[in-house]
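Me: I would like to go through this protein with you, one topic at a time. Please keep the answers plain.

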Amino acid sequence: MKATGIVRRIDELGRIVIPKEIRRTLRIRETDPMEIFTDKEGEIVLKKYSPLGGLAECAKTYAESLARTTGNIVCISDREQIIAASGTSRRELVEKPVSQKLEQVMQDRETVLADSTQRQYVTISDSFSDEFQSQVISPIISHGDVLGAVIMLSKNEKVKFSEPEKNLTMVAADFLGHHMES
């Protein structure tokens, strides 16, 4: 853990304010749910709650199956980071924060089908050198809330995704969204 040097007091209702600088750096918004952890030394750790976090194993298995079937790279993200990836770049992608542009695509609830030469092409993560040529991004929606996205990628410049890949990512996103509802 890294000390920030910031000290806050707990108010009479047991609340503590997370400083604006930290909220901005960690991209914590006003309505974001936070998960609370404690340890044996009495430390309290706050972590942004990800409903898909509990689905990580299922998401990983689905990503691996989809990647094996299509021969492409498949990622599953929550609204903050890539939680599962399969294919040639999986180690570089897992736990990378999603880009603001990808976050916006999720919020818009639209499936994006693009190649790297098109204006609607989306950088997946700002902390990863993006060398992908083609992509499909489908938001995962559960109970009307956007939880993340299923992303299919290709590094091969000869591969141009079309309706079949778009449909596969939409089915995967729909499956994961319904899985969260049960």
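Me: To begin, how many helices and strands does the secondary structure of the protein come to?
Reply: This is a predicted model, and its secondary structure comprises five helices and seven strands.

Me: What pattern do they follow along the sequence?
Reply: Read along the sequence, the pattern is α-β-β-α-β-β-α-α-β-β-β-α.

Me: And what does the C-alpha trace span along its principal axes?
Reply: The span is about 60 × 35 × 30 Å.

Me: How many of the 182 residues count as buried, as a percentage?
Reply: The buried share is 36% of the 182 residues. As for the surface, the protein exposes about 11400 Å², and 50% of that is supplied by carbon and sulfur atoms. Among contacts with a separation of 6 or more, 50% are made by residues 24 or more positions apart.

Me: Turning to charges, how many salt bridges does a search of the whole structure find?
Reply: The search finds four salt bridges. In general, side chains of opposite charge can pair when their charged atoms come close.

Me: Which residue forms a salt bridge with Asp11?
Reply: Arg15 does, with 2.8 Å between the closest N and O atoms. Arg15 is partly exposed at 48% relative accessibility, and Asp11 is also partly exposed, at 26%.

Me: What about Arg29, which side chain does it meet in a salt bridge?
Reply: Arg29 meets Glu80, at 3.9 Å from N to O. Arg29 is in the loop between helix H1 (20–25) and E1, while Glu80 is in the loop between strand E3 (73–78) and strand E4 (82–86), so the pair ties together parts that are 51 residues apart in sequence. Arg29 itself is partly exposed, with 31% relative accessibility.

Me: Which residues are linked with Arg29 in a network of salt bridges?
Reply: The network links Arg29 with Glu80 and Glu103.

Me: And where does Lys155 come in; which residue forms a salt bridge with it?
Reply: The partner of Lys155 is Glu131, and their closest N and O atoms are 2.8 Å apart. This pair links distant parts of the chain, 24 residues apart: Lys155 is in the loop between strand E7 (145–154) and H5, and Glu131 is in the loop between strand E5 (112–115) and strand E6 (134–142). Lys155 is partly exposed at 33% relative accessibility, as is Glu131 at 38%.

Me: Different topic: how many disulfides are there?
Reply: The count is zero disulfides. Cys58 is in none, and the nearest cysteine sulfur, that of Cys75, is 16 Å away. A disulfide requires the two sulfur atoms to lie within 2.5 Å, so at 16 Å Cys58 and Cys75 do not qualify.

Me: Is Cys75 buried or exposed?
Reply: Cys75 is buried, with a relative accessible area of 0%. Cys58, on the other hand, is partly exposed at 26%.

Me: How many aromatic pairs does the count come to?
Reply: The count comes to one aromatic pair. The ring centres of Tyr62 and Phe175 are 5.2 Å apart and the planes are at 35°, so the pair is tilted.

Me: Why is the pair said to tie together parts 113 residues apart in sequence?
Reply: Tyr62 belongs to helix H2 (residues 56–70) and Phe175 to helix H5 (residues 163–181), so the two rings connect parts separated by 113 residues in sequence. Tyr62 is partly exposed at 22% relative accessibility, and Phe175 is partly exposed with a relative accessible area of 37%.

Me: Which residues form a nonpolar patch on the surface?
Reply: The patch is formed by Ile36, Ile44 and Leu46, which together have about 320 Å² of accessible area. Ile36 lies in strand E1 (residues 34–38) and counts as exposed, at 60% relative accessibility.

Me: Last one: where is Pro97 found?
Reply: Pro97 is in the loop between helix H3 (90–93) and helix H4 (100–108). The residue is partly exposed, with a relative accessible area of 35%.

Me: What is Pro97 in contact with, leaving aside its neighbours within four places in sequence?
Reply: Its contacts are Glu80, Gln81, Ile124, Ser125, Asp126 and Ser127. Glu80 is also the residue that meets Arg29 in a salt bridge. The C-alpha atoms of Pro97 and Thr123 are separated by 11 Å, with their positions 26 residues apart along the chain.

Terms used
Residues numbered from 1 in each chain as written. Predicted model: local features only at pLDDT ≥ 70, side-chain atom pairs only at ≥ 80, totals over all residues. Heavy atoms only, no water. Phe/Tyr/Trp six-rings, centres within 6.5 Å; stacked < 30°, edge-to-face > 60°. Helix = DSSP H or I, 4+ residues; strand = E, 2+ residues; numbered from the N terminus. Buried < 20%, exposed > 50% of the residue type's maximum accessible area, 1.4 Å probe, protein only. Patch = residues over 30% accessible without salt bridge, like charges linked within 9 Å, V, L, I, M, F, W, Y side chains within 5 Å. Areas by Shrake-Rupley, 256 points an atom, 1.4 Å probe, with all protein chains shown as cover. Contact = heavy atoms within 4.5 Å.
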